[in-house]
Structures are given as C-alpha cells and as structure tokens.
Amino acid sequence: MHEEVVPILRVEDVAAAVAWYERLGFTRQWEHRFAPGLPAFVEVARGGVRLFLSEHEGDARPDTLVYLRVRDVEAIAAEFGVAAEEAPWAREIELRDPDGNRLRIGTPTG
C-alpha cells in the first residue's frame, strides 16, 4: 500500500455533493452509513486523487480549501463556465462546491 492524504469535506447532502464532484471528473467509490437514515460518508476519486465527503457534523467545517493539480484546467473551466487565470506557478480556477468548500484547481506552467 502507498501512503496518501485524503481530505475530508463536510457536506449537507451527499447525493448533491457527489453529483457536483462528478462534473469535476470524480466517481463515487463507496458509501457508508451506520444505519438507514443516518449521515453518509462517501469516497469519490479522480485517478489517484481521493476525497471523503461527510455528512457527519464533527468531521470537517465548510469553507475548507483543497488544491487540486490536474492535466487540463481549461476543460474544467469550460465545464463550469469560468476563465482560468495565470499565476506564477499554474493556470488556475477556484470553485465552490454546493456546501461552500473551495477547490483551487490548477495546471502547472513550469
């Protein structure tokens, strides 16, 4: 097993959050609930990048910032109708998911 970091993002509605992250190219890997009707905990992945999305109140706070490096930020910018901007290290966009979590997404330029 390789070591990795998996950010946990707080979401109110896991179904709506998964649908939004699917627009970014993520796919649902699995979902866990301790019992029907209890909060969900879901993993989404895009290639080797994984995120946990949690409806559990104590797991994380909204307005978290995650940086995602991708091969083609322009394709994501087009999907969300935003323009990529030039930074000294990458072409970037910043998006907010339905719960206010921020994703800064960039393609390195150097």
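Let me start with one contact: the backbone oxygen of V70 lies 3.0 Å from a polar atom of the side chain of T107. That same side chain reaches the backbone nitrogen of V73 at 2.8 Å. Please keep in mind throughout that this is a predicted model.

Where does T107 lie? It lies in strand β8. Is T107 buried or exposed? The cut-off for buried is under 20% relative accessible area. T107 has 17% relative accessibility, so T107 counts as buried. Leaving aside neighbours within four places in sequence, T107 is in contact with V70, R71, D72, V73, A90 and R91.

V73 takes us to helix α2, residues 73–80, where the buried residues are V73, I76, A77 and F80. Why do these residues line one face of the helix? Seen down the axis of α2, the buried residues fall within an arc of 100°, so they share a face. The general rule is that an α-helix has 3.6 residues a turn, so residues three or four places apart point the same way.

What do the buried residues of α2 pack against? Their partners are α1 (14–23), β3 (41–46), β7 (90–96) and β8 (102–108). The helix lies across β7 and β8, and it runs at about 35° to β7. After α2 comes G81, with a positive phi near 70°.

Now the sheet under that helix. It is an open sheet of 4 strands in the order β5-β8-β7-β6, with mixed pairing. Its edge strands are β5 (65–69) and β6 (85–86), and each of them pairs on one side only. As background, strands of a sheet pair through backbone hydrogen bonds, either parallel or antiparallel. Here β7 and β8 run antiparallel and are joined by 7 bridges. A90 stands opposite P108 in β8. β5 and β8, on the other hand, pair in the parallel sense over 5 bridges. In that pairing, L68 has I105 of β8 as its bridge partner.

Which side chains of β5 are buried? V66 and L68 are; they point to one face, while L65, Y67 and R69 point to the other and are not buried. That fits the general pattern: in a regular strand the side chains alternate between the two faces of the sheet.

On to the other sheet. This one is also open, with 4 strands in the order β1-β4-β3-β2 and mixed pairing. β1 (8–10) and β2 (27–32) stand at the edges with a single partner strand each, so one side of each has no neighbour in the sheet. Direction ignored, neighbouring strands of this sheet are turned by 25° against each other on average.

Let me go through its pairs. β1 and β4 run parallel, joined by 3 bridges, and R10 stands opposite S54 in β4. β3 and β4 pair in the antiparallel sense over 6 bridges. There, F41 has S54 as its bridge partner in β4. β3 and β4 form a hairpin with 2 residues between them, and G47 in the turn has a positive phi of about 60°. β2 and β3 are antiparallel too, over 5 bridges, with T27 opposite A45 in β3.

α1 packs on this sheet, touching β1, β2, β3 and β4, and its direction makes about 155° with that of β4. At the N-terminal end of α1, D13 acts as a cap: a side-chain oxygen lies 3.0 Å from the backbone nitrogen of A15. The buried residues in α1 are V14, A17, V18, W20 and Y21. They cover an arc of only 160° around the axis, which puts them on the same side of α1. The helix is followed by G25, whose phi is positive, near 95°.

Last, the core. How many residues does the largest nonpolar core have? It has 26, and those with the most contacts inside it are Y21, L24, L53, I76, I93, L95 and I105. At least two residues of this core come from each of α1, β3, β4 (49–54), β5, α2, β7 and β8. The largest share, 5 residues, comes from α1.

Take Y21 as an example. Not counting residues up to four places away in sequence, Y21 touches L9, F26, L51, L53, D97, N101 and L103. That is where I will stop.

Definitions and conventions:
Residues are numbered from 1 along each chain as its sequence is written. This is a predicted model: local features need pLDDT of at least 70, side-chain atom pairs count only at pLDDT 80 or more; totals for chains, interfaces and linings use all residues. Side-chain values use heavy atoms; hydrogens and water are left out. Buried means under 20% relative accessible area, exposed over 50%, partly exposed in between (1.4 Å probe, protein chains only). The arc is that of the directions from the helix axis to the C-beta atoms. Contact means heavy atoms within 4.5 Å. Two strands pair if DSSP finds at least two bridges between them. Axes are lines fitted to C-alpha atoms, for helices over the stretch in contact, and angles run from 0 to 180 degrees between N-to-C directions. A nonpolar core is a set of buried Ala, Val, Leu, Ile, Met, Phe, Trp, Tyr and Cys residues joined through side-chain atoms within 4.5 Å. A polar contact is a pair of N or O atoms within 3.5 Å; within protein, one must be able to donate a hydrogen and the other to accept it, and residues adjacent in sequence count only if both atoms are side-chain atoms.
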